[in-house]
Protein chains: 2
Amino acid sequence: MTREQEGNLPDTAAEVLREFARMSGEGVDTANCPVRDVLDRVGEKWTLLILVAMSDEPRRFSALQREVGDISKRMLTQTLRTLERDGLVTRTVYPTKPPSVDYRLTGLGRSVLTPLAGLIGWAGQKHDEIRAAREAYDEREGVAA
Amino acid sequence: MTREQEGNLPDTAAEVLREFARMSGEGVDTANCPVRDVLDRVGEKWTLLILVAMSDEPRRFSALQREVGDISKRMLTQTLRTLERDGLVTRTVYPTKPPSVDYRLTGLGRSVLTPLAGLIGWAGQKHDEIRAAREAYDEREGVAA
DNA sequence: GTTGGTGGTATCGAAAAGAGACCATACCTC
DNA sequence: GAGGTATGGTCTCTTTTCGATACCACCAAC
């Protein structure tokens, strides 16, 4: 049974997972597991939204804030700094009268869009199923009395 | 320039991103954007680790805790409940003398492993580049005096 | 009888996120 | 020249979340 289920995965995916599980299993902590380190960053709530917002062309600070919608300046600044530090985006300041700043993806930043799109596609395909599961669970476990 | 950079992405990826950006741009808030909703869950720090830990075969509570390593029982319980509610894992209780519980992926849960593996693969490939970027940034911006 | 393992929950302090005020600048309007 | 707008942030305060730990009931082995 389990074997067949595993068989659903593309070979490359299964291999990546095995490799990753092997590394994780060897008592490697977060500091020593670069994959976890990187994934924690990418998974940080706003990162994905910001990367996607910049995906087609450079954006200014305020444009990003408008586009993402419900992010605070504080978190936007913080996330952008992290992305810049990790080499995924570059920040450019133009010394105009009110200084303007734009953020754009680097090659590294662009390269993450492909796996990200895979995840976004999955979410888009499955969200109905997930919402149905949630409703069923809430009914079973009883939100109500 | 920008066109060429976009050209690096596979067509399907670019399409998914455009579609997502379009949705996000239309003043849709989190509640109305199921993709964001789903991605927030999957991105939740421990989710990915737990899913991968279960990827090959069912795991018991304590096995998961050992395998993930530095997760607390509290967070493990919480994350597992969420995954169960979202229909990604099932929880089975065996009424043995000390009751044992196992968690296993559903079909839906297994289906997310493929995009997840894409991201993990990316992280594995790029972490050297990212760490180099961080060091360069810290030197530029000066952690030291 | 005390220790260990099962799968958790309850509690509490620390860390992180969100909301919003504030800032320096300079432009435009009246 | 007072007021409003916009730029890209920072600073502070409050709320939420997280992590560590203690504890529970159960039973088995020692």
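**Chain A: Thr106, strand 3 and Lys126**

I'll start with A:Thr106, which counts as buried because its relative accessibility is 16%, and the cut-off for buried is under 20%. Keep in mind that this is a predicted model.

Where does A:Thr106 sit? It is in the loop between strand 3 and helix 7, the latter being residues 107-111 of chain A. Leaving aside residues up to four places away in sequence, A:Thr106 touches A:Gly87, A:Leu88, A:Val89 and A:Thr90. Its side chain also reaches forward to the backbone nitrogen of A:Leu108, at 3.3 Å. One more distance for this residue: A:Glu84 is 22 residues from A:Thr106 in sequence, and the C-alpha atoms of the two are 9.3 Å apart.

Now back along the chain to strand 3, residues 100-105 of chain A. Of its 6 residues, 5 are buried, so by the under 20% cut-off the strand is mostly covered. Which strands pair with strand 3 of chain A? Strand 2, residues 89-94, does so in the antiparallel sense over 6 bridges. Strand 1, residues 59-60, also pairs with strand 3 in the antiparallel sense, over 2 bridges. Strands 2 and 3 of chain A form a hairpin, with 5 residues between them.

A:Asp102 is the residue to look at in strand 3. On the strand 2 pairing, A:Asp102 is the bridge partner of A:Thr92. On the strand 1 pairing, A:Arg60 stands opposite A:Asp102.

Next, helix 8, which covers residues 113-141 of chain A and contains A:Lys126. What is the nearest side chain of opposite charge to A:Lys126, and how far away is it? It is A:Glu129, at 4.2 Å. A salt bridge needs the charged atoms within 4 Å, and A:Lys126 has none, although the residue is buried. A:Lys126 also has contacts in chain B: not counting residues up to four places away in sequence, it touches B:Leu108 and B:Ser111.

Last, chain A as a whole. It has 8 helices and 3 strands. From the N terminus on, the order is α-α-α-α-β-α-α-β-β-α-α. Of the 145 residues in the chain, 43% count as buried. The accessible surface comes to about 7800 Å², and carbon and sulfur atoms account for 50% of that. As for contacts between residues at least 6 apart in sequence, 38% join residues at least 24 apart.

That is what I have on this chain.

Technical notes
Residues numbered from 1 in each chain as written. Chains lettered and ligands numbered in written order. Predicted model: local features only at pLDDT ≥ 70, side-chain atom pairs only at ≥ 80, totals over all residues. Heavy atoms only, no water. Helix = DSSP H or I, 4+ residues; strand = E, 2+ residues; numbered from the N terminus. Buried < 20%, exposed > 50% of the residue type's maximum accessible area, 1.4 Å probe, protein only. Lys, Arg positive; Asp, Glu negative; His and termini not counted. Contact = heavy atoms within 4.5 Å. Pairing = 2+ DSSP bridges. Polar contact = N/O pair within 3.5 Å; in protein donor to acceptor, adjacent residues only side chain to side chain. Areas by Shrake-Rupley, 256 points an atom, 1.4 Å probe, with all protein chains shown as cover.
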